[in-house]
Amino acid sequence: MDKMFMSKNGPAIAGAIIGVIGALLVKFGNPGNMGFCVACFTRDIAGAFGLHRAAVVQYLRPEIAGFIIGAFISALAFSEFRPRGGSSPMVRFALGFFAMIGALVFLGCPWRAYLRLAGGDFNAVAGIAGLVCGIGGVWFLCGGFSLGAARPTPKAAGFVMPLFAAAILVFLFVKPLFGPEGTGPIFFSEKGPGAAHAPILISLAAGLAVGWLAQRTRFCTIGAVRDLMIVKDAHLFKGILSFIIAALIVNVALGQFKPGFEGQPVAHTMHLWNFLGMLLSGLAFTLAGGCPGRMLIMSGEGDSDAGVFVLGMLIGAAFAHNFTAASSAAGIGPHGAAATIIGLVFCLAVGFAFKNKMA
Amino acid sequence: MEKNTIDARGLSCPQPVIVTKAALEKMKSGTAEILVDTVTSRENVIRFTTRAGWKTSWKETETGFAVTAEK
């Protein structure tokens, strides 16, 4: 079976399976068009740890832990667990931070942008357009942009993110309550998107399966467009196409396809900010070398730099809510515009500062 | 016969492919050895060199993999 995943059609097969699982998770209870959303789910985890206090988006999403652990097991099984790190970790942290700001202005990571489209949410079109323009950041890459080479690290360094993922699961099951007034330190939403979730074991199984699949096939929503741009290689792009088509088919079959702009789940209709939010995210992901799902997978493979990027996303999510930069169904937050512009300026500055750094 | 060694070890996606592309386009023909440190980079480089019409092989090294492209 692994041969099939490692073949040139691997990403397309994986994309279809991930698309089906994504649509099914909504049926099982995840928020609308949010079978998977690396940004939203990481934001929910930040909330569950009390890093932000937006009461409607707090849950320890087992899918995220599953991605990391699934990739970790797969990498170990196929001798691809190669701990490495040291490629400008602080810059990667900041890129993760701002990638999350952009994603929460749009209300979704690239995975969810495609899932929103597959659910009939046409607001996603502006976001995907922004994403593609952001991936235009390959201009920096083709001009010699590099955050520097990573180096092998001691093997143990690669265990940190899988252990963090395991800790998420432990806290999810144990639900410790020893904070002031018997609340926290783990918080779970009682209403809103954070309260909408598939049964834990289904979410976890889905996360593990997708983590495994994505590790084997290198499924990447940024690489898909990027490789088309720089080497006209549609290998990964086919993964995105089959991802969207599979999710669309299942959504239609389950009555989850609701075409239109208004009243879409966890989405707003401010097209300019949908575009600019994803522009920021796309640029940040491109400079860092992959989409947020891919970052989780690589962190499971022992890539400390990807792990640092994920932690940047976690903290970025907390800041996005604490600084009212995150959007809601009503539109962008009071400081969403400013945060997006600051993020864009930062990413462009990184692009220019690290151009011509390729050895 | 020109022989070039390209060290792409530790670089993030898609930089190994970008440096390989730049080097091979400059060489036009000859033999190039591209050093990478992950299986993903190895696959990406091989997919590119093969599509670009270079005869490609690879072997495992102490620090990862060495991909050889000939034309």
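Helix H16 of chain A, which covers residues 336-353, is a good place to begin in this predicted model. Its 18 residues should span 26 Å at 1.5 Å a residue, and because its end C-alpha atoms are 25 Å apart, the expected and the computed lengths agree. The buried residues of H16(A) are Gly336(A), Ala339(A), Thr340(A), Gly343(A), Cys347(A) and Val350(A). When one looks down the axis of H16(A), these buried residues fall within an arc of 100°, so they line one face of the helix. On the other side of H16(A) the exposed residues are Ala338(A), Ile341(A), Val345(A), Ala349(A), Phe352(A) and Ala353(A). As for what the buried residues meet, they pack against helix H5 (89-106) and helix H13 (271-288) of chain A.

H5 and H13 of chain A return when we turn to helix H7 of chain A, for they are among the elements that cover the buried residues of H7(A), together with helix H6 (110-118), H8 and H11. H7(A) runs over residues 123-135, and its 13 residues reach 19 Å from the first C-alpha to the last, close to the 18 Å expected at 1.5 Å a residue. Its buried residues are Asn123(A), Ala124(A), Ala126(A), Gly127(A), Ile128(A), Gly130(A), Leu131(A), Gly134(A) and Ile135(A).

Arg53(A) offers a contrast to these buried positions, since it lies in the loop between helix H3 (38-48) and helix H4 (62-77) of chain A and counts as exposed because it has 11 C-beta neighbours inside 10 Å, where the cut-off for exposed is 12 or fewer. From Gly15(A), Arg53(A) is 38 residues away in sequence and 34 Å away in space, taken from C-alpha to C-alpha.

Chain A also meets a second chain: 23 of its residues are in contact with 18 residues of chain B. On the side of chain A that touches chain B, the elements that give two or more residues are helix H8 (138-142) and helix H11 (221-231), and H11(A) gives the most, with 5 residues. Sorted by class, this side of chain A has 9 nonpolar, 6 polar and 8 charged residues.

Within chain B, strand E1 (residues 3-7) and strand E2 (residues 31-36) run parallel and are joined by 5 bridges. In one of these pairings, Thr5(B) of chain B has Glu33(B) in E2(B) as its bridge partner. Helix H1 of chain B, residues 15-27, completes the picture here, as E1(B), H1 and E2(B) make a right-handed β-α-β unit.

Methods:
Residues are numbered from 1 along each chain as its sequence is written. Chains are lettered from A and ligands numbered from 1 in the order in which they are written. This is a predicted model: local features need pLDDT of at least 70, side-chain atom pairs count only at pLDDT 80 or more; totals for chains, interfaces and linings use all residues. Two residues are in contact if their C-beta atoms, placed from the backbone, lie within 7 Å. Helices (H or I, at least four residues) and strands (E, at least two) are DSSP runs, numbered from the N terminus. Ala, Val, Leu, Ile, Met, Phe, Trp, Tyr, Cys and Pro count as nonpolar, Asp, Glu, Lys and Arg as charged, and the others, Gly among them, as polar. Two strands pair if DSSP finds at least two bridges between them. A crossover is right-handed if, with the strands pointing away from the viewer, the path from the first strand over the helix to the second runs clockwise. The expected span of a helix is 1.5 Å times one less than its number of residues. A residue is buried if 20 or more other C-beta atoms lie within 10 Å of its own, exposed if 12 or fewer, and partly exposed in between; C-beta atoms are placed from the backbone. The arc is that of the directions from the helix axis to the C-beta atoms.
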